[in-house]
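Q: I would like to learn how the features of a structural model are read, one at a time. Could we go through one together?

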Amino acid sequence: MNFKEELGRHTQEVQEIIEKYLPKEEGFQKTVLEAMNYSVRAGGKRLRPMLMLETYRMFGGGSDMIEPFMAAMEMIHTHSLVHDDLPAMDNDEYRRGQETTWMKYGEAMGVLAGDGLLNYAYETASRAFSIEPGNPAIGQAFAVLTGKTGVYGMLGGQCRDVEMAGKSLSEEELDFIYRLKTGALIEASMMIGAILAGAGDTDVQAVEQIASAVGMAFQIQDDILDVTSTVEELGKPVRSDEKNEKTTYVTLMGLEQAGKDVERISKDAIAGLDRLKAENEFLRELVLSLIDRRK
């Protein structure tokens, strides 16, 4: 398998699915709809909805009901980026190589565009109920989507991250932030794919653990890239954590140890995938690429 070619094909497939679910830019609220679509269309590898789709396929899923959940996940992820970039948060002017939403549309509209994406994500995911009425897996998946994105998931991690800016963090506190802020959406993506495909509880729990490891390795690698990469490579500002006085794995453990931790946690994630009875070679390679984004 030529992974780069396959990744390009899969990315295009996911992109087309997401595009189908974006709102029409019309009505008196047209500006916020434009800002929402601008944010989603800014680019990115669409890794979270791709993880969802490939996990779904790994467990034998083949229905269109996965599509609204995929689009919803990308909207939720984008909403978090739009709000992260705001002056009150990270105060970043560029994301994915272009102006951030608040820079292009103004700070107030940046707030509203993020709110709009989050709310519209749930509206979008709910369309799955009309695709397969009576399928109990949809309700279970919806519960995972909402739970992993709220105060006990991504939002909770963001809140603690903001609260502790400029303050010392223990490794335990940093793990908490990373598991929620970054890991929760990756967990939700893969769990939803498994649930909608009809995977059993044991497999769904195993997928959650795999995704948790992927999220942790991904975030530590992000810390490493923040101090070793360039704006051109990342498509966003580097040394942003230093600017915002945030404790990271690099500041806490050092660059060398952070690299070793990424390797160790990555191996755990791949070992977990290999233990599953279901197989998807592309998903395995995708997980590896997600963790090590320089290859």
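The dialogue below takes up fold, burial, backbone, salt bridges, rings and surface in turn.

Q: What kind of model is this, and how are its residues numbered?
A: This is a predicted model, in which local features need pLDDT of at least 70 and side-chain atom pairs count only at pLDDT 80 or more, while totals for chains, interfaces and linings use all residues. Residues are numbered from 1 along each chain as its sequence is written, and side-chain values use heavy atoms, with hydrogens and water left out.

Q: How many helices and strands does the chain have?
A: Helices (H or I, at least four residues) and strands (E, at least two) are read as DSSP runs and numbered from the N terminus. In this chain the assignment gives 16 helices and 2 strands.

Q: What does the radius of gyration say about the chain?
A: The radius is taken over C-alpha atoms, and the globule rule with which it is compared is 2.2 Å times the number of residues to the power 0.38. For 295 residues a compact globule would have a radius of gyration near 19 Å, and the 18 Å of the chain agrees with this. The C-alpha trace spans about 50 × 50 × 35 Å along its principal axes.

Q: Which share of the residues counts as buried?
A: Buried means under 20% relative accessible area, exposed means over 50%, and partly exposed lies in between, with a 1.4 Å probe and protein chains only. By that reading, 54% of the 295 residues of the chain count as buried.

Q: Where does a residue that is not a glycine have a positive phi?
A: Arg46 has a positive phi of about 60° although it is not a glycine, and Arg96 has one of about 55°. Arg46 lies in the loop between α2 (30-40) and α3 (47-58), where its 3% relative accessibility makes it count as buried. Arg96 is placed in the loop between β1 (94-95) and β2 (98-99), and with 22% relative accessibility Arg96 counts as partly exposed.

Q: How many salt bridges does the structure hold, and which side chains meet in them?
A: A salt bridge is a side-chain nitrogen of Lys or Arg within 4 Å of a carboxyl oxygen of Asp or Glu, and the structure holds 19 of them. One of these joins the side chains of Glu208 and Lys148, at 2.8 Å from N to O. Glu208 lies in helix α11 (residues 201-228) and Lys148 in helix α8, so the pair ties together parts that are 60 residues apart in sequence. Glu208 is partly exposed, with a relative accessible area of 23%, whereas Lys148, at 16%, counts as buried.

Q: Which salt bridges lie in helix α15?
A: Among them is the pair Asp261 and Arg264, whose side chains meet at 3.4 Å, N to O. These residues are 3 apart in helix α15 (residues 255-275), and are therefore separated by about one helical turn. Asp261 is buried, with a relative accessible area of 6%, while Arg264 is partly exposed at 45%. Lys267 forms a salt bridge with Glu263, with the closest N and O atoms 3.4 Å apart, and these two residues of helix α15 are 4 residues apart, about one turn of the helix. Lys267 counts as exposed at 54% relative accessibility, and Glu263 as partly exposed at 48%.

Q: Which residues are linked in a network of salt bridges?
A: Glu13, Glu54 and Arg57 are linked in such a network.

Q: How many aromatic pairs are there, and which residues form a cluster?
A: Rings of Phe, Tyr and Trp (its six-membered ring) pair if their centres lie within 6.5 Å, and planes under 30 degrees apart count as stacked, over 60 as edge-to-face and the rest as tilted. The count by this rule comes to 5 aromatic pairs, and Tyr122, Phe129 and Phe142 form one aromatic cluster.

Q: Where does a charge sit over a ring?
A: The reading requires NZ of Lys or CZ of Arg within 6 Å of the ring centre and within 35 degrees of the ring normal. The charged end of Arg48 sits over the ring of Phe218, 5.7 Å from its centre, and Lys104 lies over the face of Tyr105, at 5.9 Å from the ring centre.

Q: Which residues make the nonpolar surface patch?
A: Patches are made of residues with over 30% relative accessible area and no salt bridge, with like charges joined within 9 Å and nonpolar side chains (Val, Leu, Ile, Met, Phe, Trp, Tyr) within 5 Å. Accessible areas come from the Shrake-Rupley method with a 1.4 Å probe, and for residues only the protein chains shown count as cover. Val151, Tyr152 and Leu155 make a nonpolar patch of about 370 Å². Val151 is found in the loop between α8 (136-149) and α9 (154-163), and at 54% relative accessibility Val151 counts as exposed.
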